[in-house]
Amino acid sequence: MLYRYLEGSSERRRDYIAMVPHSAALGLQIVDVGLGRCVLRLPHWPALAANHGGLANGAVSALLDNAGGVAVFCALEVAVDFSTLSLRVEFITAPAAAMDVYARVECVRLAGRQAHVRGVADCGDANQPGQPFATVSGVFFLKPESKPLHNLETLANV
């Protein structure tokens with residue numbers, strides 16, 4: 001399973017995020033991974049804050065989309081190219097002011113060319129989830145016709 005690639009190495013986690021320029025620009029960090037699941041962190045950054053002082057909805061949506069992609073990667077046995085097909089983010093309330101945001105996402109189903117994910121965003125910490133302020137559900141399109149990716153450098157569009 002591919003999650004093992006990221007599981008024991010903070011350097012590999014950092015390199016994986018760095019291959020996606022948008023993720024790297026946001027400062028996303030992979031905090032934890034397991035079979036079909038992950039926790040990503042978006043550090044609070046005043047430039048991304050909304051009027052209420054918490055991170056803006058767009059930044060949180062990008063975090064949840066990326067976490068969905070990492071969860072899919074962690075569910076695969078063989079690397080294939082994939083992309084977001086559908087993503088639904090429901091904001092229950094605004095994130096807490098001046099707090100980091102964590103996305104906790106799992107891949108709940110792999111079927112044919114689709115991977116289904118669900119998860120939450122909260123302002124807890126790496127080990128202790130906080131009260132969720134947003135939920136996510138999504139579908140990722142797996143491209144089985146793409147050749148298996150043996151070299152992580154070729155995962156730049158994951």
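Q: Why is Arg88 called exposed in this predicted model?
A: Arg88 has a relative accessible area of 52%. The word exposed is used for values over 50%, so Arg88 earns that label.

Q: What makes the contact between Glu90 and Arg88 a salt bridge?
A: The N to O distance between the two side chains is 2.5 Å. A nitrogen of Arg within 4 Å of a carboxyl oxygen of Glu is what the term asks for, so this pair qualifies. Side chains of opposite charge can pair when their charged atoms come close.

Q: Is Glu90 buried, exposed or partly exposed, and what makes it so?
A: Glu90 has a relative accessible area of 34%. Partly exposed covers values between the 20% and 50% cut-offs, so Glu90 is partly exposed.

Q: How do you know that Glu106 and Arg118 form a salt bridge?
A: Their closest N and O atoms are 3.0 Å apart, and the limit is within 4 Å, so the pair counts. Glu106 belongs to strand S4 (residues 101-111) and Arg118 to strand S5 (residues 114-122), so the salt bridge ties together parts that are 12 residues apart in sequence. Both partners are partly exposed, Glu106 at 33% and Arg118 at 48%.

Q: What makes Asp81 and Lys143 a salt bridge, and which parts does the pair tie together?
A: The closest N and O atoms of Asp81 and Lys143 are 3.8 Å apart. That is within 4 Å, so the name fits. Asp81 sits in strand S3 (residues 81-91) and Lys143 in strand S6 (residues 134-143), so parts 62 residues apart in sequence are tied together.

Q: Why does Asp81 count as buried, and how is Lys143 classed?
A: Asp81 has 14% relative accessibility, and buried means under 20%, so Asp81 counts as buried. Lys143, with a relative accessible area of 22%, is partly exposed.

Q: How many salt bridges does the whole structure have?
A: A search of the whole structure finds six. Among them are the pair of Glu90 and Arg88 and the pair of Asp81 and Lys143.

Q: Which residues have the most contacts inside the largest nonpolar core, and what gives the largest share of this core?
A: The core has 44 residues, and those with the most contacts inside it are Leu6, Ile30, Leu40, Val70, Val72 and Val105. Helix H4 (57-75) is one of the elements that give two or more residues to this core, and the largest share, 12 residues, comes from H4.

How values were computed:
Residues numbered from 1 in each chain as written. Predicted model: local features only at pLDDT ≥ 70, side-chain atom pairs only at ≥ 80, totals over all residues. Heavy atoms only, no water. Helix = DSSP H or I, 4+ residues; strand = E, 2+ residues; numbered from the N terminus. Buried < 20%, exposed > 50% of the residue type's maximum accessible area, 1.4 Å probe, protein only. Core = buried A, V, L, I, M, F, W, Y, C linked by side-chain atoms within 4.5 Å.
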